[in-house]
Structures are given as structure tokens and as C-alpha cells.
Amino acid sequence: MTVHLDELTWVELDQRVRDGPPVVILPAGSLEQHGPHLPLGTDRFMPARLAERIAERIGALVAPALPYGYKSQPKSGGGNHFPGCASLDATTYIHMVRDIICDLARHGLTRIVLFDGHMENQWFLTEASDLALRALRAEGVEGTRIVKLGYWTFITPETEAALFPDGLLSWELEHAAVMETSCMLHLCPDLVRRDLIPDGPPADFPPYDVYPADTGSIPPTGVLSSATGASAEKGRIVVAQVVPDIAAALDTAFQSDQQG
Ligand code: ZN
Ligand code: MN
């Protein structure tokens, strides 16, 4: 049986809910520059591929991944001014996610995972969860539990050491760099332009933000630190570690839900 929610019929979904509602994983991506070597949809492809593997392990369903996210920020995504970035205002994004959560829960899918692939989404996913729970409670829909996570937070020190033998600079400067490039080489190899993987010094940002963004401080490639250390093997190591760890964490998070 498929793990993809949108490949089921309503009759099949209804039966799944009656049998004991499955966890639904909603991958949250972005359309954002990822250097000259990775596709604009990287932040969607990554959580969507990981979610499929996690869903197979825990009997979850994967909802259609969100292809747009909150605006790319210079220090974590290079910035929204690069060609191809198309993003949502925070209020639009919050309301879109709130509406999806509410409708899933109204139909009995009350165990929802917001699976973030784009750092800039994170607090707006929190706000969407809060507004959804408030609306559902007002309607009398009880028992909804939402788990929010970014897959990168599951990377253990051992995996981090395998990715960065010389030490990690910072996760924010990893945009389109070693971790994402390695995982894409493993998960979506045909989408990586291997001959264009960029080198160069890490971005040097001041300890404050400026609006409008000072685009002169952003590396022209859009990559915030060198990606030349990336490899498909490193990507395999990350995926092999985070998939079972996230699956186990979700089992725990929703098990405690059932107990009390
Ligand atoms: Zn990314
Ligand atoms: Mn991103």
C-alpha cells in the first residue's frame, strides 16, 4: 500500500482512519536558490524523500509536500533576491498551514508531523500549529497532536563528525553546502550538477540583520560555505542515521499521546 495520502481514495483513507488514525507527515519545503549545483526545490525534495522512508517504518502517510515556504533569508538561505526564489508572506504561509492542519484533523487525522526542510519556516509552523489547535478546540475537535521537527536537528555528533572531518562551521552557513549537497547526491543524484559544486570561503556576516538586505555580503554563488567536501557516501550516512532516529522519536511522541 502506498504511503502517499494523495494516492489513496477517500474510501481507503476513511477506512484507515476507522482502523486507528495513521500519523500524517507534511513535508514543508521552499522554492529557493541552492547555488549553481542544486535545484530550487531542494528544501522540498529532502524532507519529502526522508518522510517516505520514515512513513514506511511507522505506518504513516505522507501528505503532499508544500513547495513554497517563508522568504529566504540572507544568513540562512542566501536571500530572496536570487532568481527563482518564490516565497510566501508569513501571514499567507501561517494560514495555509493552519488550514491544512484543521482539515486533516476534522477528518480524523489528528496526529500530524510538520516536517520542515527550510529553516525559515520554523516559527511560522509553530504559529500555524497554535492557531489550528485554537480553531479545532473551538469547534470541539479534540485530541489533535502536532509534532514539528527539522530533520537536521537529528544529526548526531558522530554523523556530524563524518560530514565535517575538520569541524562544522555553523548549521546556518551549511545552506547548499556539504550536508544538503551530500544528501541530494544520495537521494536525488540526477538533480545535482556535479561539475558545478562550488568552493569558496564561508560567508562573513555581521552579528545583526539589515533591511533591505545588504546583498553585497552574500557570496555570489548563493552558497554560504564550500560544498566541495560533499559526497554521496556522506549523504548515505546522514539518511541511514536520521531516518530510524526520527521514526523512533515519532513513535515516542505519539505513543505518549495515546497513554495520556
Ligand atoms: Zn536548503
Ligand atoms: Mn532553505
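This section describes the metal sites, two helix packings and three buried loop residues of a predicted model.

The model holds a zinc ion (ligand 1) and a manganese ion (ligand 2), 3.5 Å apart. Asp43 coordinates both. The manganese ion is bound through Glu32 (OE), Asp43 (OD) and His118 (ND1). These donors lie at 1.9 to 2.3 Å. Along the chain they follow the spacing E-x10-D-x74-H. Asp43 belongs to helix 2 (residues 42-58), whereas His118 sits in the loop between strand 3 (111-116) and helix 5 (122-139), so the pair ties together parts that are 75 residues apart in sequence. Asp43 and His118 are both buried.

The zinc ion (ligand 1) is coordinated by His34 (NE2), Asp43 (OD) and Glu180 (OE). Here the distances are 1.9 to 2.1 Å. The spacing of the zinc donors is H-x8-D-x136-E. His34 is found in the loop between strand 1 (24-28) and helix 2, and Glu180 in helix 7 (residues 178-187), so this pair ties together parts that are 146 residues apart in sequence. His34 is buried, with a relative accessible area of 0%. Glu180 has 6% relative accessibility and also counts as buried, because the cut-off for burial is under 20%.

Helix 7, which supplies Glu180, has nine of its 10 residues buried, so this helix is largely enclosed by the rest of the structure. The buried residues are Val178, Met179, Glu180, Thr181, Ser182, Cys183, Met184, Leu185 and Leu187.

Helix 7 also packs against helix 2. Two packed helices are described by the angle between their axes and the distance between the axes. For helix 2 and helix 7, the angle is about 55° and the axes are 11 Å apart. Helix 2 is therefore oblique to helix 7. The crossing is left-handed. On the helix 2 side, the contact involves Thr42, Asp43, Phe45, Met46, Arg49, Leu50 and Arg53. On the helix 7 side, the residues are Met179, Glu180, Cys183, Met184, His186 and Leu187. By class, the contact of helix 2 with helix 7 has seven nonpolar, two polar and four charged residues. Two zinc ligands, Asp43 and Glu180, are among the residues of this contact.

A second packing joins helix 4 (residues 90-106) and helix 5. Their axes are 8 Å apart and meet at an angle of about 45°. The two helices are therefore oblique to each other. Helix 4 passes helix 5 in a right-handed crossing. Helix 4 contributes Ala90, Tyr93, Ile94, His95, Val97, Arg98, Ile101, Cys102, Ala105 and Arg106 to the contact. Helix 5 contributes Phe124, Leu125, Glu127, Ala128, Ser129, Leu131, Ala132, Ala135, Leu136 and Glu139. The contact of helix 4 with helix 5 comprises 14 nonpolar, two polar and four charged residues.

Three loop residues complete the description. Thr110 lies in the loop between helix 4 and strand 3. With 13% relative accessibility, Thr110 counts as buried. Beyond four places in sequence, Thr110 touches Ala105, Glu142, Gly143, Thr144 and Arg145. One of these partners, Ala105, also takes part in the contact of helix 4 with helix 5.

Ile218 is placed in the loop between helix 7 and helix 8 (232-259). Its relative accessibility is 6%, so Ile218 counts as buried. Leaving aside residues up to four places away in sequence, Ile218 touches Pro74, Gly78, His81, Phe82 and Phe205. Ile218 and Gly150 are 68 residues apart in sequence, and their C-alpha atoms are 24 Å apart.

Ser226 is likewise in the loop between helix 7 and helix 8. Ser226 is buried, with a relative accessible area of 18%. Not counting neighbours within four places in sequence, Ser226 is in contact with Ala177, Val178, Pro198, Asp199 and Gly200. Among these partners, Val178 is one of the buried residues of helix 7. Ser226 and Ala105 are 121 residues apart along the chain, with 43 Å between their C-alpha atoms.

How values were computed: Residues are numbered from 1 along each chain as its sequence is written. Chains are lettered from A and ligands numbered from 1 in the order in which they are written. This is a predicted model: local features need pLDDT of at least 70, side-chain atom pairs count only at pLDDT 80 or more; totals for chains, interfaces and linings use all residues. Side-chain values use heavy atoms; hydrogens and water are left out. Donors are N, O and S atoms within 2.8 Å of the metal (3.2 Å for Na, K and Ca); water is not among the atoms, so sites may look incomplete. Helices (H or I, at least four residues) and strands (E, at least two) are DSSP runs, numbered from the N terminus. Buried means under 20% relative accessible area, exposed over 50%, partly exposed in between (1.4 Å probe, protein chains only). Axes are lines fitted to C-alpha atoms, for helices over the stretch in contact, and angles run from 0 to 180 degrees between N-to-C directions. Angles under 35 degrees count as roughly parallel, over 145 as roughly antiparallel, 65 to 115 as roughly perpendicular and the rest as oblique. A crossing is left-handed if the near helix is turned anticlockwise from the far one by less than a right angle, and right-handed if clockwise. Contact means heavy atoms within 4.5 Å. Ala, Val, Leu, Ile, Met, Phe, Trp, Tyr, Cys and Pro count as nonpolar, Asp, Glu, Lys and Arg as charged, and the others, Gly among them, as polar.
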